[in-house]
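Q: Please take a close look at the interior of this protein. Where do its buried residues gather, and how does a single helix pack against its surroundings?

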Amino acid sequence: MTAESVSATPMVKAELVCKNFGALQVLKGITLEVQKGQVLVMVGPSGSGKSTFLRCINHLETVSAGRLYVDGALVGYNERGGKLHEMKPREVAKQRRDVGMVFQHFNLFPHRTALGNVIEAPVQVAGVKKSEAVERGKELLAQVGLADKAQAYPAQLSGGQQQRVAIARALAMQPKLMLFDEPTSALDPELVGEVLGVMKKLAGQGMTMVVVTHEMGFAREVADELVFMDGGVVVERGNPRDVMANPQHERTQAFLSKVM
Ligand code: ADP
Ligand code: MG
């Protein structure tokens with residue numbers, strides 16, 4: 001492979017991804033790409049399938065049809081002789097390590113300090129030496145503006161601080177892709193900015209990100225592409241400024257008039 005063809009491999013490639021829960025069709029053929037170093041922001045009404053799509057990227061859900069690739073590798077399946085075989089849990093776990101996920105609710109371990117939370121996976125899962133993990137963990141906490149909170153327990157931190165610990169925790173596994181599912185929607189309004197600031201910095205450092213958020217200012221400033229989802233399909237997509245200033249689809253207009 002040439003250097004060009006390697007760098008041209010998208011970080012995320014979805015081809016007609018469908019997901020059903022029983023008779024309920026939640027994703028009805030999502031096709032999109034996220035290039036390396038790019039930030040894609042997804043918006044759409046509640047129930048439109050945004051979280052399900054993120055969960056498929058991470059193989060927390062299996063797709064019902066279609067294909068999903070992360071950095072050129074099929075998510076959750078091996079292809080042998082033209083047939084797809086579901087990966088064993090160990091292989092899935094290994095693949096998932098490359099993808100960091102940050103949720104609305106931070107789910108930190110309450111009985112571990114901020115630093116303890118950040119080093120947990122590197123030490124327990126990746127087998128990193130504790131002293132190394134601690135050193136790197138402190139750097140990550142400094143990166144999210146929490147150098148002085150390494151020894152604090154989650155209950156001693158604000159929601160915004162806890163979410164920044166959760167981001168540092170995800171980064172500790174050195175992911176090549178970060179997924180954010182409404183990372184600021186459980187926060188008091190005055191704490192939203194500090195989390196978005198960390199995400200913006202991360203984007204500036206070249207991290208590839210898929211972000212579900214209704215923070216349209218963030219989308220306008222940071223996203224390379226804005227995708228509007230409704231009813232399990234991509235209704236509209238494009239440069240965030242263009243989509244926001246001049247939505248082409250009636251459903252996009254209606255949605256944006258509510259969130260902006
Ligand atoms: P969004 O994140 O856009 O609000 P979701 O992806 O969470 O939407 O949900 C899309 C639809 O899928 C909703 O109707 C939701 O109830 C349904 N859904 C999500 N997860 C499950 C599940 N595990 N079992 C059944 N239905 C589900
Ligand atoms: Mg959701």
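The answer below begins with the nonpolar cores and then turns to one helix.

A: This is a predicted model, in which local features need pLDDT of at least 70 and side-chain atom pairs count only at pLDDT 80 or more, while totals for chains, interfaces and linings use all residues. Residues are numbered from 1 along each chain, and side-chain values use heavy atoms, without hydrogens and water.

The largest nonpolar core (buried Ala, Val, Leu, Ile, Met, Phe, Trp, Tyr and Cys joined through side-chain atoms within 4.5 Å) comprises 51 residues. Those with the most contacts inside this core are V41, L141, I167, M178, F180, M199 and M209. Helix α7, spanning residues 189-204 (a DSSP run of H or I, at least four residues; strands are E, at least two), gives the most to the core, with eight residues. Leaving aside residues up to four places away in sequence, I167 touches (heavy atoms within 4.5 Å) V102, V144, M178, F180, V195, V198, M199 and L202. Another core, of 27 residues, lies apart from the largest one, and A14, V70, M101 and V210 are among its members.

Helix α10 (residues 250-259) has T252, F255 and L256 as its buried residues (buried is under 20% relative accessible area, exposed over 50%, with a 1.4 Å probe and protein chains only). These three lie on the same side of α10 because they cover an arc of only 95 degrees around the axis, taken from the directions from the helix axis to the C-beta atoms. E250, S257 and K258 are exposed on the other side of α10. The elements that cover the buried residues of α10 include strands β3 (39-43), β11 (225-230) and β12 (233-238), together with helices α8 (216-222) and α9 (240-245).

Methods:
Chains lettered and ligands numbered in written order.
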